[in-house]
Amino acid sequence: MQLTVLSVTAAAGHPPRQPAPATEAVRWPETGMNCTNLNIVIRDEIDTDIVAISDVTQAAFESLEISNHTEQYIIEALRAANALPISLVAELDGQVVGHIAFSPVKLSDGTQGWFGLGPVSVEPEYQRKGIGKALIETGLSRLKNLKAQGCCLVGHPEYYKKFGFQNVDGLVLEGVPKEVFFVLSLHGPVPEGEVTFHNAFKADGQPAAGGDATR
Ligand SMILES: CC(C)(COP(=O)(O)OP(=O)(O)OC[C@H]1O[C@@H](n2cnc3c(N)ncnc32)[C@H](O)[C@@H]1OP(=O)(O)O)[C@@H](O)C(=O)NCCC(=O)NCCS
């Protein structure tokens, strides 16, 4: 299988949310997975992607038992709070088949420039074909362009180490076991302390106090 990933910044006429890094084209390596050639474009979200992002996210997490099935609301709440500096879609033949979000996190020691990865989703029918990997690697490359200091996430124990994420002792997320909390320093040593994800991660689609369901 050959997955060709063309990473671009945004569709014509739609400015990306972040300063545009140079356009890069990456030919994805042979993975031996069950599909024929896929021409995937990884690009910034635009307004007309919003419904598709929600649909892909919902579909990807639907059968996941550990999910609260609120991921689509989290993305909406991050967007509404202007806390979605990187939001990339994977597009196949004009259809959004994957999405990844990065949002700022707070570190208790005051270190700035750290981000949370997720939610990340691939339409079930297109999973295990390298699309998630393309989204994650492009997203991490964007973070480096933004001079981010590091990235962390909660995720599958077996999935994220291949991208350089590690389980660490010094940086913790309250209530989350070390085995599923992953950290990647992009600059210098991993800080010590506690991580707090954006309040939008509490979004569940219900109106919050004050009547706004997204904050
Ligand atoms: C997790 C997800 C985003 C991965 O995207 P994907 O396109 O299916 O993954 P890829 O094909 O890029 O896989 C990359 C590698 O990870 C492996 N992998 C994929 N999903 C995995 C999983 N759930 N557990 C362990 N390994 C996994 C693949 O075998 C592949 O390995 P290789 O590079 O050694 O061949 C996607 O499966 C998904 O949307 N899942 C449901 C939602 C979810 O779980 N999101 C993440 C929450 S932590």
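Two residues are in contact if their C-beta atoms, placed from the backbone, lie within 7 Å. Keep that cut-off in mind for the opening view of this predicted model.

**Whole chain.** Show everything as a cartoon. Of the contacts between residues at least 6 apart in sequence, 67% join residues at least 24 apart. The chain holds 3 helices and 11 strands. Trace the elements from the N terminus: β-β-β-α-α-β-β-β-β-α-β-β-β-β. Now colour by burial. Of the 215 residues, 36% are buried.

**Strands E7 and E8.** Select 114-122 for strand E7 and 150-154 for strand E8. E7 and E8 run parallel, with 3 bridges between them. Find Phe115, which stands opposite Cys151 of E8. Add helix H3, residues 131-145. Together E7, H3 and E8 form a β-α-β unit, and the unit is right-handed.

**The other partner of E8.** Stay on E8 and add strand E10, residues 181-185. Here the pairing is antiparallel, through 5 bridges. Zoom in on Cys152, whose bridge partner in E10 is Val183. E8 itself is mostly covered, as 4 of its 5 residues are buried.

**The core.** Next, show side chains in the largest nonpolar core, a set of 50 residues. Pick out Ala90, Phe115, Ile131, Leu135, Cys151 and Cys152, the members that touch the most others. Phe115 and Cys151 are the facing residues from the E7-E8 stop. H3 is the biggest contributor to this core, giving 6 residues.

Centre on Ile131. Which residues does Ile131 touch, leaving aside those up to four places away in sequence? They are Ile40, Ala90, Val97, Gly98, Val122 and Tyr126.

**The ligand.** Select the ligand and the 18 residues around it. Nearest are Ala60, Gln127, Gly132, Lys133 and Gly155. Helix H1 (50-61), strand E7 and helix H3 each give two or more residues to this shell. Colour the shell by class: 7 residues are nonpolar, 7 polar and 4 charged.

**The open sheet.** Finish with strands E6, E11 and E9. They form an open sheet of 3 strands, in the order E6-E11-E9, with mixed pairing. Select 106-107 for E6 and 171-172 for E9; these are the edge strands, each pairing on one side only. Then add E11, residues 193-196. E6 and E11 run antiparallel and are joined by 2 bridges. To see one pair, label Leu107 and Val195, its bridge partner in E11. Switch on backbone hydrogen bonds here, because strands of a sheet pair through them.

How values were computed
Residues are numbered from 1 along each chain as its sequence is written. This is a predicted model: local features need pLDDT of at least 70, side-chain atom pairs count only at pLDDT 80 or more; totals for chains, interfaces and linings use all residues. A residue is near a molecule or strand if its C-beta atom, placed from the backbone, lies within 6 Å of it. Ala, Val, Leu, Ile, Met, Phe, Trp, Tyr, Cys and Pro count as nonpolar, Asp, Glu, Lys and Arg as charged, and the others, Gly among them, as polar. Two strands pair if DSSP finds at least two bridges between them. A nonpolar core is a set of buried Ala, Val, Leu, Ile, Met, Phe, Trp, Tyr and Cys residues joined through C-beta atoms within 7 Å. A residue is buried if 20 or more other C-beta atoms lie within 10 Å of its own, exposed if 12 or fewer, and partly exposed in between; C-beta atoms are placed from the backbone. A crossover is right-handed if, with the strands pointing away from the viewer, the path from the first strand over the helix to the second runs clockwise.
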